[in-house]
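Q: I want to learn how to read strands and sheets in a model. Can we work through an example?

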Amino acid sequence: MNRPDPELDKTLADLEWPRIEAAVAARCRGPLGARLELPLATGRAEARRALDETAEVLRLLEEDEALPFEGARELGPALTRVAREGSLDGPALRDVMIVLGCAKTLRRFLHARRERMPHLADACAFDPTLDRLQDELSACIEPDGTLSDRASPELRRLRGEVSALRERILRRLEQMLVAHDAILQDRFVTEREGRYVIPVRRDAHEKLQGIVHGTSASGATVFVEPRALVSQGNHLKMLQGELAREEARILAQLSELVREQLPSLEAAVRSIDHADLRQASARLGRDLDARVLPLADGPELSLREARHPILLLDGVDVVPADLELAAGRGLVLSGPNAGGKTVALKVVGLSALMMRAGLPVPAAEGSRAGFFSPIASDVGDEQSIEKNLSTFSAHVTNLSRLLASTRHGALVLLDELAGGTDPQEGSALACALVDAFLRRGAALAVTTHYEALKAMAARDERLENAAVGFDVERMQPTFALHHGVPGASSALAVAQRFGIPADVVAVARGVLPEQSRTFDELVRSLDTQRQELAVARARLDDERAELTRRAAKLDEAHAALAAAREKVLDTEAEKLRDALRRAREDVRQARRLLKKAPTEATVSDVKRRIEEAAKATAARPDVPSPADHGPPVDPATLALGARVWVPRLRTEAEVVEGPTRGKVRVGAGALRLWVDVKELRAPAETARAAKASLRDEAPTESPEHRPTPRVRPMDPDNTLDVRGMRADDAVSLAESFLDRMYGSPDAVAYILHGVGTGALREVIRDMLRRDMSYVRSFRGGTPEEGGDRLTVVQLK
């Protein structure tokens, strides 16, 4: 991506785009920050990729991670030198090595997170064979930029010889310093012209034979290389020459390796810069509390609570605004000077540019923006003395250029359109230009004080008025943007606020044409009504919030009450189950007594036990099956004392209160609860009558009257199906089933519990083991009977 056309430069300057570039550059971690020029996408697909990449890094930062390319160096001059067949020195090769290390780390980081960051991973891909070049350089270059002894055996040998010879020369010079102390100016060894020398007094230098390599600035000291060391000094110079040639050869060889990989190396550098740009963009978005907006399908823009990014960078408390534009539609911004019209205009332009640059936009959730091209503006004073153009002439020249280049999808921003000339002619020209831009398919935002243009926006469906607020009582702007109404210019109020005497302002009001005063008063009246509506709306919002809060409290109270009722129901149900178990045990004991000795005393004892069992089960006289009830109850028949079937209790109950609001209160023994009328069913009278008859006959049963037991295959009468039930319900139903079967002529009963995990089967069989009152024995089913999914009970 690059700057698509030079005409964009004026727009970037008008919108202060360099401030945005500087903010991104300040957040770069690599060398890109020193030379950053934000690239702008030239097409929608490019913009989409840029936004996706920034969004990926923004999510990475939210997870407290960051892209790893710290310490990257600037390689531009070095790569240029290599491309021109030049050799690099040690520090330059060290920088290449460091950048290759950063590139490898970045590549591995993105590869490990490819599923989370697919777009950035693709954008930063480069040749992995560069790792071999890094290994070569690492083997030859030390961290301080010098050649390593490992670079070549010859280099190691020459360095060893140079070091040993230098040591011998210095050791011999130290001895001479002691021997010739009397003629020395000072006791130290130094170098002159690459030769080791000692400082001798000028008046005594002839006493030490050797070669003079210079004098001190004062002339009092002569630097002499002793003749005894001249031969060794010559040898050292020759070795140093060989060493320099070997180092140059190695540097040239390494530079050639870099040159061979130059395209791949340049791609790696671009990858680091690209990753740095996306991370800096994400950091800016995080600092501005901005978000990556969805890219709209067409040239349109819908911003919610948008804020000016440069004002945010300056620490200004920005008043957010809602802004909407689309191709072929326009927004006419009006209101007092210094009220925020131009700020809103620039927010539109900067948001469109930031979308093309892949930057997050400071706007609220629900915002979106499309791709606009070109983005053109005319903001500010364009007076030019050199071109002999006045402000208005420069303005019209620029408008002419903009109109010629406008096409569908363009975004045009015009500040004070056709200002600086006769108001009537200027307003007429402004209306005509707005119409021309819209007919060409531009999305247009324009600021104005012209009443004619405000009136045009009120009647032209392509346009919308928007006013910046002005507090008349405090005589200052509010910077809030209000849609659908024009704004009063309030020039006289602003003038008075900034120091124009009140009497001067009063005279100006008198001079003001009647039409202007009427229009201004109308706008003020609309603004007053709008403010009153805003207050009323805020009050309604508060009331709505209070109602919502109360409703939430009521819901919580209702849920707590339902939980309490459920708890009570569970407790009462447990009590009823215990009472039922005790009653059944009494009935079993009575039957055993009848079976053993059916005397008159025994019969009396049986009657007593049955009466006690009946009292204990008053709350639940029987335990009907779900089929033992009729159709849904008719709400009109519900009255106090009515009998109904309650599915949740699995029993009949009596209506004791209601109905009220679709609910009735029912009682079953000591249990009382409210039930929805829709849940209730009519009781099955015939089923109850049959059961009552069976209970009446049971106490008089004696062994001689009991039918002869019989064994017959499984059928609905001798089989109980408890599959899918809870353990407690299954046990309770099985006990009732065995009670009934004990009084029948059948000798065998079948309990179908299924296989599943086997838990229900074990519960049933544990019950049979504990209570053998009716049970002679039990077993699992044979394969012919159905296997272990049922238990066969042999009754006594």
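A: Start with one strand. Val748, Tyr750 and Leu752 point one way from E21, Ala749 and Ile751 point the other way, and all are buried. Buried means under 20% relative accessible area, exposed means over 50%, and partly exposed lies in between (1.4 Å probe, protein chains only). Strands (E, at least two residues) and helices (H or I, at least four) are DSSP runs, numbered from the N terminus.

Q: What kind of model is this, and how are residues numbered?
A: This is a predicted model: local features need pLDDT of at least 70, side-chain atom pairs count only at pLDDT 80 or more, and totals for chains, interfaces and linings use all residues. Residues are numbered from 1 along each chain as its sequence is written, and side-chain values use heavy atoms, with hydrogens and water left out.

Q: Why do the side chains point in two directions?
A: In a regular strand the side chains alternate between the two faces of the sheet. For E21, five of its five residues are buried, so the label "mostly covered" applies.

Q: Which strands does E21 pair with, and in which sense?
A: Strands of a sheet pair through backbone hydrogen bonds, either parallel or antiparallel. Two strands pair if DSSP finds at least two bridges between them. E20 and E21 run parallel, joined by three bridges. E21 and E23 are antiparallel, with five bridges. Leucine 752 of E21 is the bridge partner of aspartate 721. In E23, leucine 752 has leucine 790 as its bridge partner.

Q: What is the strand order of the whole sheet?
A: The order is E20-E21-E23-E22, in an open sheet of four strands with mixed pairing. Strands E20 (719-721) and E22 (775-780) are the edges, and each pairs on one side only. Neighbouring strands are turned by 20° against each other on average, direction ignored. E22 pairs with E23 (residues 790-795) in the antiparallel sense, over five bridges. There, serine 777 stands opposite glutamine 794 in E23.

Q: Which helices pack on this sheet?
A: Contact means heavy atoms within 4.5 Å. Axes are lines fitted to C-alpha atoms, for helices over the stretch in contact, and angles run from 0 to 180 degrees between N-to-C directions. Helix H21 (residues 727-742) touches E20, E21 (748-752), E22 and E23, and its direction makes about 160° with that of E21. Helix H22 (residues 759-770) touches E21, E22 and E23, at about 155° to the direction of E22.
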